[in-house]
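Q: Hey, could you walk me through a few bits of this model? I'm new to this, so plain words please.

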Amino acid sequence: VAVQLKDYQAPDYFIERTVLDFDLYDDHSTVTAELTVLRNSDKGSDLPPLVLDGQELELLSVSIDGQELPSSAYQVSDNHLTLQPQTKRFVLRTQVRIHPESNTALEGLYRSGKMFCTQCEAEGFRKITYYLDRPDVMSAFTTTVRADKQRFPVLLSNGNPVAQGEEGARHWATWEDPFKKPAYLFALVAGDLWCVEDSFTTMSQREVALRIYVEPENLGKVQHAMDSLKKSMKWDEEVYGREYDLDIFMIVAVSDFNMGAMENKGLNIFNSSCVLASPETATDAAHQRVEAVVAHEYFHNWSGNRVTCRDWFQLSLKEGFTVFRDAEFSADMNSRTVKRIEDVVFLRTNQFAEDAGPMAHPIRPDSYIEISNFYTLTVYEKGSEVVRMLRTLLGADGFRKGSDLYFERHDGQAVTCDDFIKAMEDANGADLSQFKRWYSQAGTPRLAVSSYYDKASAEYTLTFQQSCPATPGQSEKLPFVIPVQMALLSADGEHLPLQLKGEDSAQGCERVLAVSEAEQSFTFVGIEAEPLPSLLRSFSAPVKMSVEYSREQLLALMQHDSDGFNRWEAAQQLQLAILNGLIAAVQAGKTLKSDPQLAEVFAGLLADSSLDQAMLAEMLSLPSEALLAELAEVADVEAIHQAREFLRKALAQALYAPMWQRYQALRAQSREQAYAADAEQIARRSLQGKLLAYLMLTEKTEVKAACVEQFEQAHNMTERLNALACLVNSSFAAEKAQALAQFAEHFKDDALVMDQWFSVQAGSVCPGTLNQVKALMQHPAFSFKNPNKIRALIGGFCAQNPIHFHAADGEGYRFLADQVIALNALNPQIASRLLTPLTRWRKYAPARQAQMRAELERIRASGGLSKDVFEVVSKSLAD
Ligand code: ARG
Ligand code: ZN
């Protein structure tokens, strides 16, 4: 059942033109497709059978060049329609009946609330009509949509509107997309939608109409997305020279959506959570997510649509690159250092865990059972890190030359990761053959660093040793090219000029060492005293680096390093050292003692008025329990939780006065200022939230009162939700109950806000959380058919609440398995994703391993498994 990269074959036939006609009704829809099929002449002049993909389609008729075929002239199976062409070019017309109204998998054409919408990537188009559903078949689409006039006044598809008309109570609209595209970029929307309209003038002075369509009650929540879209269009012109190409760009918000959003040509379809934002209903993080996802999907117009993927093994070609593009956009729009810290924390916590688990794969996988399972952190986030390394190695200008050549050379084509690298090589005269191992080898490389200082010769040598753990199917790994961005600091914090042995002169105070061998040394000359190295600056490679730093050295880096990321990293390393000590103490049954050093450091940070507030908030954030689990050889859930909670409380007690003072000042500022989702205010609220969470651990009455005040009076969701989360995790039962009830009463009609209400409760550390989660599944605002609800409540518990999910009685595991079994039939993609925490069973001690495995086995035995769930379960149980 597995598809292999090495088996790739070019298609036997192409589809030059695709003319679709949709007749949408409440109890069925019909789809008529007229495909101009052409033999791929590269493959010969014979005429092999034409094998079209199709699933869950009821075939009504087939004709070729106007001649209806008898049923003896074709074969229909569960996944294909096969027929024998007689000429090398012909028009195939099929008519099928489908049932969007009962499509709960949210793949293909489906209903979300009252509207019709589509999700075709990766292989959803075959649930709409018989087709060559593969990205290397690119076609010019014309689409007509027919539906009831009153209930579906808006009828949309890709490209430009070219005709419309009425037929009694129904109407129709025809759209034409001038750009050839693969079927996965097809989209259709029909509904009672309203839009906010704006326009953008491109660099060549073309006027583009911008429309964001939402259900009428959400019209007040699209301005932020519209602003983000205009910023993205401008940024892509300035930074990549990429101009938009159609006269109209549309975004539609839908409530039921498996992922974040989809870059369909000219008609992006978004999960409403990634479009809608208002100060009263969306947190700062949600505002930033909207900005990032709008940018991501827009950027796909070039990195994905104009240049697309040859096959799905190349997914990172468009996703890794586009994540890198959106990350740089966000860095330019907000705080660059904070964005980098957030991304690295996310990568280390989640992608490194994926790399260490049974689903580990290279950013270009070489086989899959279900491609939906490979829309992963590895393909997206590690893929982005690989593109970032290319830029680090080639320099910003060289990278831009490479991307220019890539877009120019491959415009209109379906290409591979090799083509991307080739463009980078050709534009720079570079040899990236060894670098390409990042595309084929899975796992997180380890990089051990040691140093040697020779006073007599004033030489300083850094030695790097790299290795990479075995991953499924890959026991041996060859050395990677690891760009180590670095500097050397003197005792008083100066950054030293860097001259390698053999060079005539120093090359500045920061440089990139390309480590390409298993063991490799670099010797710097003219170093008058033993320096302090600042390594892997800005996290220049997705590796686990180990360097032996003393606490004094970490403190010096925190103070003097000119790289903001590494200042934060030094604080992280100090916190990790302290936490690991506490975890060991818990395990040894010792009473925990607080270490005064971290409190001193935090006090210094709090007193430093020059420090950016967002940076301060990041530096005050202890590594999460999930990250501590990932870093541990064997994750001891209880010890991690106890150690971390102990340290948080100790810090809150030691720093009560400065924290309380700073909190009150920040809250006062907030009361006085109108909300804006700008960098300065976001930084302030982020720090304020961190401080409140610490302060609430002291359980002081004055803090409780302040928390309730903030919850009730805040004019924005960030402060309100932070306060709610603090109350939910506290022992103030009455205040907690009241706040939850008040919140639900106020926001019961706002689905996205209720998602936040569910996830705050799912994440509670208080006893009884699992029972509360089960009870909330009966709440009227919950729905098992809405992915956002599943993610908020069930995902919130299983993936974000380690201490309860891993409860010793195994109830958390049982709960997750029950949900996966129930969802498997309804929505395989969501079921499969939800499973992730169980796949990590190898991380835990034997008793938990056995419980987790037993639940995986129960899922495997439950029968009727979708490919999605089957692949994850069977790979998790394989040895
Ligand atoms: N291409 C979309 C994005 O990056 C993701 C769509 C994936 N959908 C899926 N069902 N796997 O932004
Ligand atoms: Zn994407």
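Q: In which sense do strand 20 and strand 21 pair, and over how many bridges?
A: This is a predicted model, and in it strand 20 pairs with strand 21 (residues 267-271) in the antiparallel sense, over 2 bridges.

Q: What stands opposite Met-262?
A: That's Ile-269, in strand 21.

Q: Okay, and what's the strand order in the open sheet?
A: The order is 17-18-19-21-20, so to speak from one side to the other, with 5 strands and mixed pairing. Strand 17 (194-201) and strand 20 (261-262) are at the edges with a single partner strand each, so one side of each has no neighbour in the sheet.

Q: Which strands does helix 1 lie across?
A: Helix 1 (residues 223-240) lies across strand 17, strand 18 (207-214) and strand 19 (248-254). Helix 1 runs at about 25 degrees to strand 17.

Q: Switching topic: at what angle do helix 23 and helix 26 cross?
A: Roughly 15 degrees, and the axes of helix 23 (residues 811-826) and helix 26 (residues 846-861) come within 9 Å. Angles under 35 degrees count as roughly parallel, which is why these two helices are described as roughly parallel to each other.

Q: Is that crossing left-handed or right-handed?
A: The crossing of helix 23 and helix 26 is right-handed.

Q: Which residues meet there?
A: From helix 23 they include Tyr-813, Leu-816 and Val-820, and from helix 26 they include Met-852, Glu-855 and Ile-859. By class, the contact has 7 nonpolar, 1 polar and 3 charged residues.

Definitions and conventions: Residues numbered from 1 in each chain as written. Chains lettered and ligands numbered in written order. Predicted model: local features only at pLDDT ≥ 70, side-chain atom pairs only at ≥ 80, totals over all residues. Axes fitted to C-alpha atoms, helices over the stretch in contact; angles between N-to-C directions. Helix = DSSP H or I, 4+ residues; strand = E, 2+ residues; numbered from the N terminus. Parallel < 35°, antiparallel > 145°, perpendicular 65-115°, else oblique. Left-handed = near helix turned anticlockwise from the far one by under 90°. Contact = placed C-beta atoms within 7 Å. Nonpolar A, V, L, I, M, F, W, Y, C, P; charged D, E, K, R; others polar. Pairing = 2+ DSSP bridges.
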